[in-house]
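Reader: Walk me through the labels on this one, please. I'd like to hear what stands behind each of them.

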Amino acid sequence: MVVNPLFGTKVTFAYNSLIRTHASSSPSLALTLFSNMRRAGVSPDHFTFPFALKACSRLQMGQDLHSLIVKLGFDTNIYVQNALINLYGYCGLVDVAFKVFDEMLDRDLVSWSSMIASLANNGLAQEALALFQKMQLDGNIKPDEVVMLSVVSAISNLGVLKLGRWIDAYIFRNKLKLTVSLGTALINMYSRCGSVDDSIRVFDKMPERNVLTWTALISGLAVHGRCREALRGFYEMRETNLRPDHITFSGVLVACSHGGLVDDGWKVFKSIKTDYGIEPTVEHYGCMVDLLGRAGKLHEAFEFIERMPYKPNAIIWRTLLGACVNHNSLALAEEAKEKINQLEPHHDGDYVLLSNAYGEVGRYTEKAELRTSMQEKRISKKPGYSLLTVDEEIHEFVSGDSSHPESEEIRKFLVCIIDSLRDEGYTPHTSNVFHDIEEEEKEHSLSYHSEKLAVAFALLRFKDRRTIRIMKNVRTCRDCHCFLKHVSGKFDKEIIVRDRNRFHHFSNGTCSCQDYW
């Protein structure tokens, strides 16, 4: 079919409308319509391609369409360029997205917003913030809510409170409206940066809240160990007639788990179905296993898993394994490990957990055999690392590593700290170190865990009373937890550690988790 030129514009508009309608909900259909449009001889315009590229982003494709755009001469159109940036960012091809952005002769707010989002969504948080600062220097573009959501997300991933407070103040100075989306993002950001009090402050001044807002607050309180407050927030939310979703229930069950609130946890878990008619998800069952396991109700947790309406996954059994190790229930730990072997046999953490369990009860032969098995299967333990921000520069410390430029000075100072803490009652917990080395070597091995190196560096650098904030990729070990409590007391320092599971607030020789973690 050949389209009469007199009607060409109307036909193009009709196709554009159809493609736009289906770009998000039915991307395959949208691209089929685009192909039909081409076969019918209908000329696409600069509105056609952004809709088609949006459909491509949903399907993780689009390079061929980019070639056609260049061929037809639409590659310098700002609407098409913005859509290309969004497409490549969505597909994880950030370098290509930045090439399009860099070659643009003119940029509007959408150009900057799309590029910042592409960086933030692909784990390039520092680069996203740098581009946002460059956008400010440009002077002609005023950021909107969409840009700020990407910037807040980037800061959340970095976990740098100073930057969080800066962007909060920036939003206020520029009189940007504290919408539900932006307020919720700030609540989540402050929680991830280690200041749940700031999360509460933002929550209290929001003119409007939805279930996501309440969920962000509840989850933040939960991971900071303020479990009763999280539970109270859940019931206050219910009184506003907002209906909790499955993420809300996960958040409040995590609060019950971290606080040892077994009865409250059971009540919340049962209410999912009885009060709301929702079938609990496998994540909710996992939260209950964690709750029971932390409380030492190991056999009850095992029976709960056996009665689940879902086939338990490796995460469920791993949760039980961790609880068994914490409570020195070796027989049940071995049974949980066997279940994991059938589902996910090469996960390094499971071997380490069971190895630690053997070490706790002095069964060093089995511990050594397990480590040998890891070597034979080429399973290596993930190294622990800690991140510390000093004067807006991020320092990384890896357990046992000497790559930091000030490593020698840090290690010498750390040895002095440990020696001084012995007088305060600190004794290194060495049961999980290999048995066939001397006690002095065991303590030496523990001395250079990443959070200890980070704290030593912070004490060298920070001459004031500022809080030490550390992000860690794995769970804090028992020895480091004890060490950090002693350091907070002796040096009169507040230390906040965000590990894989939660936040620990150390102050005056105690931890917010009350040694229940």
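**Strands and their partners**

Author: Let's start with one pair: isoleucine 496 stands opposite histidine 505 in E5. Before going on, note that this is a predicted model, where local features need pLDDT of at least 70, side-chain atom pairs count only at pLDDT 80 or more, and totals for chains, interfaces and linings use all residues. Residues are numbered from 1 along each chain as its sequence is written, and side-chain values use heavy atoms, with hydrogens and water left out.

Reader: How do you know that E4 and E5 are paired, and in which sense do they run?

Author: Two strands pair if DSSP finds at least two bridges between them. Strand E4 (residues 495-498) and strand E5 (residues 503-507) are joined by 4 bridges and run antiparallel, so they pass that test. Another bridge links arginine 498 to phenylalanine 503 in E5. E4 and E5 make a hairpin, with 4 residues between them.

Reader: What joins E5 to E6?

Author: There are 2 bridges, and the strands run antiparallel. One of the bridge pairs is phenylalanine 506 with cysteine 511 in E6. This hairpin has 2 residues between its strands, and asparagine 508 takes a positive phi near 55 degrees there.

Reader: How does E3 pair with E4?

Author: In the parallel sense, over 4 bridges. Arginine 469, for example, has isoleucine 496 in E4 as its bridge partner.

Reader: What makes E2 and E6 edge strands?

Author: The 6 strands form an open sheet in the order E2-E1-E3-E4-E5-E6, with mixed pairing. Strand E2 (393-398) and strand E6 (510-511) each have a single partner strand, so one side of each lacks a neighbour in the sheet. Helix H25 (residues 450-461) packs on this sheet, touching strand E1 (385-390), E2, strand E3 (468-472) and E4, and its direction makes about 15 degrees with that of E1.

**Buried or exposed**

Reader: Why is E5 called largely enclosed?

Author: Because 4 of its 5 residues are buried. Buried means under 20% relative accessible area, exposed over 50%, and partly exposed in between (1.4 Å probe, protein chains only). E4 is covered on both faces: Ile495 and Val497 on one side, Ile496 and Arg498 on the other, are all buried.

Reader: Why does lysine 412 count as exposed or buried?

Author: Lysine 412 has a relative accessibility of 54%, and the cut-off for exposed is over 50%, so lysine 412 counts as exposed. It is found in helix H23 (residues 407-422). The C-alpha atoms of lysine 412 and alanine 456 are separated by 9.3 Å, though these residues are 44 apart along the chain.

Reader: And glutamine 81, is that buried or exposed?

Author: Buried: glutamine 81 has a relative accessible area of 7%, against a limit of under 20%. Its place is in helix H5 (residues 78-90). Leaving out residues up to four places away in sequence, glutamine 81 touches Asp75, Thr76, Val100 and Met104; a contact here means heavy atoms within 4.5 Å.

**Helix against helix**

Reader: What makes H8 and H9 parallel, antiparallel or oblique?

Author: Helix H8 (residues 125-138) and helix H9 (residues 145-158) pack at about 140 degrees, with their axes 8 Å apart. That makes H8 oblique to H9: angles under 35 degrees count as roughly parallel, over 145 as roughly antiparallel, 65 to 115 as roughly perpendicular, and the rest as oblique. Among the residues that meet are Leu129 and Phe132 in H8, and Val151 and Ile155 in H9.

Reader: What about H9 and H11?

Author: The axes of H9 and helix H11 (residues 180-192) come within 9 Å and cross at roughly 15 degrees. That makes H9 roughly parallel to H11. The residues in contact include Met148 and Val152 in H9, and Leu182 and Met189 in H11.

**The whole chain**

Reader: How many helices and strands does the protein chain have?

Author: There are 26 helices and 6 strands, where helices (H or I, at least four residues) and strands (E, at least two) are DSSP runs, numbered from the N terminus. Of the 517 residues, 50% count as buried. The C-alpha trace spans about 90 × 55 × 55 Å along its principal axes.

Definitions and conventions. Axes fitted to C-alpha atoms, helices over the stretch in contact; angles between N-to-C directions.
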